[in-house]
Amino acid sequence: MERVAVVDYGLGNLRSVTRGLERAGAAVRLTYDPAVVQACDRIVLPGVGAFREGMEHLRPLERVIREEARRVPVLGICLGMQMLLESSEEHGTHRGLGLVPGAVRSFPRVRGFKVPHMGWNTIRAEQPGDPLLDGLGEEEYVYFVHSYYADTGMADRLCSTEYILPFASVVRRGNARGVQFHPEKSGGVGLRILENFTERC
Amino acid sequence: MGTMVLTKRIIPCLDIKEGRVVKGTNFIGLRDAGDPVELAARYNEQGADEVVFLDITASSEGRGTIVEVIERAADQLFLPLTVGGGIRSTDDIRLILRAGADKVSVNTSAVERPSLIREAAEAFGTQCIVVAIDVRRNMEPNPIATPVTQADGRSCWYEVVTYGGNRPTGIDAIAWAREVEALGAGEVLLTSMETDGTKDGFDLPITAKVSEAVGIPVVASGGVGKLEHFYDGLVIGKADAVLAASVFHYGELTVRDVKQYLAGRGVPVRP
């Protein structure tokens with residue numbers, strides 16, 4: 001059974017992602033302990049809230065996550081994905097984990113477009129064949145809630161989504177993958193992604 | 001290739017008392033009608049984009065029941081869940097989110113202590129704080145309030161009301177909507193007491209005015225009775241999402257009926 005560490009900052013809803021991974025057959029450890037993270041086969045960085053606070057919470061685990069990412073698959077979800085990138089311009093400039101090249105940027109304000117980008121939108125595959133997206137169609141509906149977007153090169157972009165502008169909704173560099181949406185809130189498509197991460201990545 | 005666009009959300013709301021579903025008309029005359037998780041699962045199958053649980057349990061000893069309901073819902077359903085009712089502090093919010101809710105909705109407590117919105121947004125993120133705003137039309141002249149033109153051409157203003165619509169506050173609804181956005185709310189859930197429970201449709205003038213006044217999403221609530229009302233709320237009312245309770249609850253319409261109707265009229269919805 002795959003042991004998946006879900007990093008627990010003590011904030012937000014971790015129950016849904018835990019149950020989603022368990023459905024995929026994972027043994028989930030909700031943990032804030034570097035030793036436990038190190039002992040697992042996969043790491044999930046969930047995330048709600050602001051980038052700077054998220055990175056502060058992550059600081060005690062930063063070194064171990066960076067090291068483990070050379071060895072095991074890592075999945076960042078929403079803010080967790082944004083923290084995989086190099087930097088964020090959310091309330092100042094802040095450094096991220098730098099596992100995926102790119103920056104987190106603020107949506108430009110455009111009349112008629114509300115921020116946060118909240119609700120169901122489509123992801124469109126930019127590169128075929130990644131095991132995380134196994135069994136999914138060219139376009140699938142998933143649930144988003146975010147006010148900042150990931151700006152990455154096309155080489156590290158598995159999927160794009162369009163809201164105000166086209167942005168990276170699934171990214172990958174090596175073992176590090178990130179999804180801007182919430183797979184644990186995206187019904188069957190989301191559960192398939194969590195299953196793919198657990199079994200195929 | 002489909003068109004990539006953020007879809008409009010259809011959100012069933014379940015009123016819950018001591019762990020059981022109820023639905024009141026104008027918040028009076030409640031009827032018990034079952035297990036909230038089962039009902040939410042049915043809405044999920046129909047294509048609901050989110051579900052709202054509104055806890056109307058009055059007694060403090062009964063309030064723990066909602067946590068168990070949220071946990072069961074989160075274990076079985078993988079769609080966004082908002083929980084409102086009686087939330088007064090960041091500790092309350094932490095408990096609700098931890099149980100498996102994605103967003104919390106605050107209402108009276110935010111009017112009485114607006115700093116709750118900022119504290120909650122800072123602790124948990126803007127995206128999970130919904131501010132529910134209940135409003136009532138006020139025809140008394142008020143030079144500092146934002147005028148809203150009614151369908152008949154008359155002008156009035158809308159006043160924020162609390163405690164389930166019972167208590168007028170003197171606060172201008174538009175000003176309050178802007179303030180909650182500035183304090184860090186991620187969404188506004190707007191209910192007009194003029195239309196709530198009537199099945200005559202949403203209160204479109206105030207819905208459009210609030211939606212244009214803020215940069216965050218607005219959910220229209222109160223008064224939906226038939227298919228056209230959903231369209232009107234989204235198109236004329238400019239809402240980003242529509243919430244309904246009794247039309248879904250009593251099976252008059254399914255979420256799927258609504259989505260098929262909206263798609264037929266060119267409104268983007270998730271199939």
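**Exercise 1. Determine how many residues each chain contributes to the contact between chain B and chain A, and how much area is buried.**

Solution. The model is predicted: local features need pLDDT of at least 70 and side-chain atom pairs pLDDT 80 or more, while totals for chains, interfaces and linings use all residues. Residues are numbered from 1 along each chain as its sequence is written, chains are lettered from A in the order in which they are written, and side-chain values use heavy atoms, without hydrogens and water.

Step 1. Chain B supplies 42 residues and chain A 39 residues, contact meaning heavy atoms within 4.5 Å.

Step 2. About 3400 Å² is buried between the chains, 55% of it on carbon and sulfur atoms; buried area is the accessible area (1.4 Å probe) that two parts lose on being put together, summed over both.

**Exercise 2. State how many salt bridges join chain B and chain A, and find the partner of Arg15(A).**

Solution. Step 1. A salt bridge requires a side-chain nitrogen of Lys or Arg within 4 Å of a carboxyl oxygen of Asp or Glu. Between chain B and chain A there are 6.

Step 2. Arg15(A) pairs with Asp75(B), with the closest N and O atoms 2.8 Å apart.

**Exercise 3. Locate the two residues of the salt bridge between Arg3(A) and Asp41(A).**

Solution. Step 1. Over all chains, the whole structure holds 38 salt bridges. In the one between Arg3(A) and Asp41(A), the closest N and O atoms are 2.9 Å apart.

Step 2. Arg3(A) lies in strand β1 (residues 3-7) of chain A, whereas Asp41(A) is in the loop between α2 (34-39) and β3 (42-45) of chain A. Helices (H or I, at least four residues) and strands (E, at least two) are DSSP runs, numbered from the N terminus. The pair links distant parts of the chain, 38 residues apart.
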